Amino acid sequence: SQDISYRVTVAPAGEGHALLTFEDVTEAEQMGQMRRDFVANVSHELRTPLTALLGFIETLRGAARDDPAARDRFLGIMEREAGRMNRLIGDLLQLSRVEAEERVRPTAQVDLQALVAGAVATLRPLAEGAGVAVELTGETGPLPVPGDADQIMQVLVNLIENGVKYGGAGGSLRIHIAREQLPRGPGIRLDVMDRGEGIDPVHIPRLTERFYRVDGHRSREKGGTGLGLAIVKHIVQRHRGRIRIESERGKGSVFSVIFPET
Ligand code: ADP
């Protein structure tokens with residue numbers, strides 16, 4: 001059951017008459033609420049590292065002033081917190097850019113196979129540094145689709161980084177390229193499969209919401225902003241593609257994006 005609200009405007013319309021206008025503001029109201037929630041979330045996410053920074057500045061001026069070891073340690077923490085703010089602002093800007101462009105269809109043709117191979121090559125050192133082996137399987141020939149190369153690259157980076165972050169150390173990540181029929185025509189599917197702990201099904205429908213995290217502490221610990229999958233969603237929508245998330249507790253997760261070929 002959904003509440004419906006109307007805005008009623010009464011305007012005088014000549015002698016003895018009035019004009020009544022009914023305007024459905026349910027959606028407008030919801031948008032307003034979403035915007036307020038978003039602003040509150042952003043403020044909170046920025047304030048947390050900022051509070052830490054202010055606290056450490058005070059400590060450096062006072063108690064830690066003549067203690068070089070403590071000073072170094074605090075500066076390390078401050079650097080990490082500043083990095084967190086920097087990533088958050090970067091992701092916010094990216095999110096607003098992809099939202100602004102969402103209605104503009106990409107016109108260039110890009111080779112998905114080459115993009116995936118490039119993303120894997122770029123991210124392999126990061127993954128291996130975290131003890132995660134990366135394997136690329138499936139289609140090997142050129143796979144042209146209408147798309148924005150930078151944005152598709154961003155999708156791959158976000159999904160692969162999540163696979164590394166949540167896939168568990170000592171694990172492995174498989175990226176698989178396959179053809180798949182979409183309702184409107186042929187498509188190319190990219191699967192990012194990890195062998196992490198998996199995700200409880202109750203969370204899956206909400207993962208692409210801004211700032212939605214299964215475990216906020218863990219995400220922050222790993223440098224997450226909570227915006228990666230929201231960015232993925234907008235980019236995929238712009239390409240008229242699909243996102244599919246399948247996960248099994250204890251076995252791992254598969255994040256798939258499917259791009260139409262035409
Ligand atoms: P974050 O910056 O927190 O990683 P994302 O939007 O990329 O933000 O992801 C949202 C949440 O989805 C994460 O906090 C995590 O709980 C969950 N998640 C994403 N990818 C995976 C994965 N491969 N395995 C398990 N959980 C994941």
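On a 1 Å grid over the protein atoms alone, a pocket is an open set of points with protein on both sides within 12 Å along at least five of seven lines. A molecule counts as sitting in a pocket if more than half of its atoms lie within 2 Å of the pocket's grid points. By that rule, the ligand here sits in the largest pocket. This is a predicted model, in which local features need pLDDT of at least 70, side-chain atom pairs count only at pLDDT 80 or more, and totals for chains, interfaces and linings use all residues. Residues are numbered from 1 along each chain as its sequence is written, and side-chain values use heavy atoms, with hydrogens and water left out.

Now for the ligand's surroundings. There are 18 residues around the ligand, each with a heavy atom within 4 Å of it, and Tyr-166, Asp-194, Ser-219, Thr-225 and Gly-226 come nearest. Sorted by class, this shell has eight nonpolar, seven polar (Gly counts here) and three charged (Asp, Glu, Lys or Arg) residues. Helix H4 (149–166), helix H6 (228–238) and strand S9 (252–260) each give two or more residues to the shell; helices are DSSP runs of H or I with at least four residues, strands runs of E with at least two. H4 gives the largest share, three residues.

Polar contacts (pairs of N or O atoms within 3.5 Å) come next. The side chain of Asp-194 has an N or O atom 2.8 Å from a ligand nitrogen. Backbone N or O atoms also approach ligand oxygens: 2.8 Å for Gly-226 and 3.3 Å for Gly-228. Taken alone, the ligand exposes 540 Å² (Shrake-Rupley method, 1.4 Å probe), and the protein buries 96% of that.

Technical notes. Polar contact = N/O pair within 3.5 Å; in protein donor to acceptor, adjacent residues only side chain to side chain. 1 Å grid on protein atoms, 1.4 Å probe; cavity = no way out; pocket = protein on both sides within 12 Å on 5 of 7 lines; lining within 4 Å.
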